[in-house]
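Please open the structure in a viewer and keep the sequence panel in view. The stops below say what to select and what is there.

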Amino acid sequence: MNTLKRVIALAGAILVAGIWIATLVIAVSGASQKLLTAFIVLSVLVPVLIYGILLIGRVISGKPVEEEFRKAAQDKHPDNQKKN
């Protein structure tokens, strides 16, 4: 499951980066204002949709959100990290 999450995250990052690059190219090239507006909306809407899908997946899986935050906080705590 972790591999699948990584692949989906990478695909999402590539999609968002592609939208940003396309927006920049469209803005510089002087394309129509409607096309530029559409890509600006996409650059906001796609990350929001990705976050929403991840949130819904977390809720459907039944894992308590507080437990995931607590685990992440413990992993980042300096006392729990390996000392070199």
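The tour starts with the whole chain and then goes through selected residues.

**Whole chain**

Keep in mind that this is a predicted model. Show the protein chain as a cartoon: there are 3 helices and 0 strands. Read from the N terminus, the elements run α-α-α. Now switch on the surface. The accessible surface of the protein chain comes to about 7,400 Å², and 69% of that area belongs to carbon and sulfur atoms. The chain has 84 residues, of which 8% are buried.

**Helix α1**

Select residues 2–29, which make up helix α1. This helix has 28 residues. From its first C-alpha to its last, α1 reaches 40 Å, close to the 40 Å expected at 1.5 Å a residue. Which residues of α1 are buried? Colour G12, V16, I19, T23 and I26 to see them. An α-helix has 3.6 residues a turn, so residues three or four places apart point the same way. Next, display residues 33–61, helix α2, which is included in what covers the buried residues of α1. Just after α1 comes G30, and its phi is positive, near 80 degrees.

**V16**

Centre the view on V16, in helix α1. Is V16 buried or exposed? V16 counts as buried because its relative accessibility is 12%, below the 20% cut-off. Show side chains around V16: apart from residues up to four places away in sequence, V16 touches V46, P47 and I50. Then draw a distance between the C-alpha atoms of V16 and S43, which gives 6.7 Å. These two residues are 27 residues apart along the chain.

**S43**

Move to the other end of that distance, S43, which lies in helix α2. S43 has a relative accessible area of 17%, so it is buried. What does S43 contact, leaving aside its neighbours within four places in sequence? Its contacts are I19 and W20. I19 is also one of the buried residues of α1.

**T23**

Go back to helix α1 and select T23. With a relative accessible area of 14%, T23 is buried. Turn on the side chains of L36, F39 and I40: T23 touches these residues, not counting those up to four places away in sequence.

**The patch with L49**

Select V41, L45 and L49 together and display their surface. These residues form a nonpolar patch on the surface, and their accessible area together is about 260 Å². Take L49 from this patch by itself; it lies in helix α2. L49 is partly exposed because its relative accessible area is 48%, which falls between the 20% and 50% cut-offs.

**L54**

The last selection is L54, in helix α2. Is L54 buried or exposed? L54 has a relative accessible area of 52%, so it is exposed; the cut-off for this class is over 50%. Add K5 to the selection and draw the distance between the C-alpha atoms of L54 and K5: they are separated by 9.8 Å. Along the chain, L54 and K5 are 49 residues apart.

Methods: Residues numbered from 1 in each chain as written. Predicted model: local features only at pLDDT ≥ 70, side-chain atom pairs only at ≥ 80, totals over all residues. Heavy atoms only, no water. Helix = DSSP H or I, 4+ residues; strand = E, 2+ residues; numbered from the N terminus. Expected span 1.5 Å × (residues − 1). Buried < 20%, exposed > 50% of the residue type's maximum accessible area, 1.4 Å probe, protein only. Contact = heavy atoms within 4.5 Å. Areas by Shrake-Rupley, 256 points an atom, 1.4 Å probe, with all protein chains shown as cover. Patch = residues over 30% accessible without salt bridge, like charges linked within 9 Å, V, L, I, M, F, W, Y side chains within 5 Å. Salt bridge = Lys/Arg side-chain N within 4 Å of Asp/Glu carboxyl O.
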